[in-house]
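Welcome, and please open your viewer with the cartoon on and a selection box ready. We will go stop by stop, picking a few residues each time.

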Amino acid sequence: LLPNSGIFPFDFQEWSTTADRYVYLPMIGVALAFAWATKRLGAAIATAVLLILLVLQQRQLSFWRNEETLFHRTLVINPQSWWSWGDLSHYYLAEHRYTDAAVCAQHSLDLHPDSVVAWENLGLALTALHDYPQAAAAFQNGVHFDPGNQSALLNSADAFRRAHQWDQAVRIYTILLHSNPQMQSAQQGLGLAKMQIDSRP
């Protein structure tokens, strides 16, 4: 357990200093100590301890019922976990709970403003809520932190098009097609945006 105890920094601390898998190997020692204690103290005490552990195990398993309960539990313990806010946002997107997804994505960004995934989650939630200008701004923030992210670029172009900001949409579709001329979604989006520009009075 010592290498992952937090005494020395390690990579996973970007998300958490604690994780269940850190105790898989050390639990061998705990099991041996329990076996020794059972022999010394008697089966009745060991049985009582096992029953207590069984109740605690069932309680812990309830937090793993689904992604929502897991991430909520994580955030109760560590509300500063930007990664868990982002994961909860992604879960709500899949469940079509777009307002909840936007709120959770914003919490993630408040803690970690350069999270491209959180910006994308926010943009997708706002798109589903038909707030296209704010969705475009969210996707553009994602592009700012990851300029080569074609998904964020395409989503921002689509959001600009839906927000009737045709010139912005054309500019981004053109950038996408310059690097990937065969991207059909960008071709279609560009055609729709240019059609709207041509139909201006």
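Before you start clicking, keep in mind that this is a predicted model.

**Stop 1: helix α7**

Select residues 132-145, which form helix α7. Try the distance tool on its end C-alpha atoms: they are 20 Å apart, and this agrees with the 20 Å that 14 residues should span at 1.5 Å a residue.

Now colour Y132, A135, A136, A138, F139, G142 and V143, the buried residues of α7. Look down the helix axis: these buried residues fall within an arc of 160°, so they line one face of α7. The spacing has a simple background: an α-helix has 3.6 residues a turn, so residues three or four places apart point the same way.

What do the buried residues of α7 pack against? Show α6 (116-128) and α8 (150-162), and you have the partners.

**Stop 2: the largest nonpolar core**

Stay with α6 and pick L122. Setting aside neighbours within four places in sequence, L122 is in contact with A102, A105, Q106, L109 and A138. A138 is one of the buried residues of α7 that you have just coloured.

L122 also belongs to the largest nonpolar core, which has 38 residues. Add L88, Y92, Y173, L176 and A186: together with L122, they touch the most other members. To see which elements contribute two or more residues to this core, display α3 (67-77), α4 (82-94), α5 (98-111), α6, α7, α8, α9 (166-179) and α10 (184-198). As background, nonpolar side chains tend to be buried together in soluble globular proteins.

**Stop 3: the largest pocket**

Switch on a surface and centre the view on S16, T18, A19, L70 and T74. Of the 22 residues lining the largest pocket, these lie nearest its centre. The elements that give two or more residues to the lining are α3 and α4, and α3 supplies the largest share, five residues. The pocket has a volume of about 750 Å³.

**Stop 4: around the start of α3**

Select T69, in helix α3. Is T69 buried or exposed? Its relative accessibility is 17%, below the 20% cut-off, so T69 counts as buried. Beyond its neighbours within four places in sequence, T69 is in contact with S62, F63 and W64.

Next, click N66, in the loop between α2 (43-62) and α3. At 32% relative accessibility, N66 counts as partly exposed. For a last distance, draw a line from N66 to S151: they are 85 residues apart in sequence and 28 Å apart in space, C-alpha to C-alpha.

Methods
Residues numbered from 1 in each chain as written. Predicted model: local features only at pLDDT ≥ 70, side-chain atom pairs only at ≥ 80, totals over all residues. Heavy atoms only, no water. Helix = DSSP H or I, 4+ residues; strand = E, 2+ residues; numbered from the N terminus. Expected span 1.5 Å × (residues − 1). Buried < 20%, exposed > 50% of the residue type's maximum accessible area, 1.4 Å probe, protein only. Arc of directions from axis to C-beta. Contact = heavy atoms within 4.5 Å. Core = buried A, V, L, I, M, F, W, Y, C linked by side-chain atoms within 4.5 Å. 1 Å grid on protein atoms, 1.4 Å probe; cavity = no way out; pocket = protein on both sides within 12 Å on 5 of 7 lines; lining within 4 Å. Points joined across faces, edges and corners; volume = space filled by probe spheres on them.
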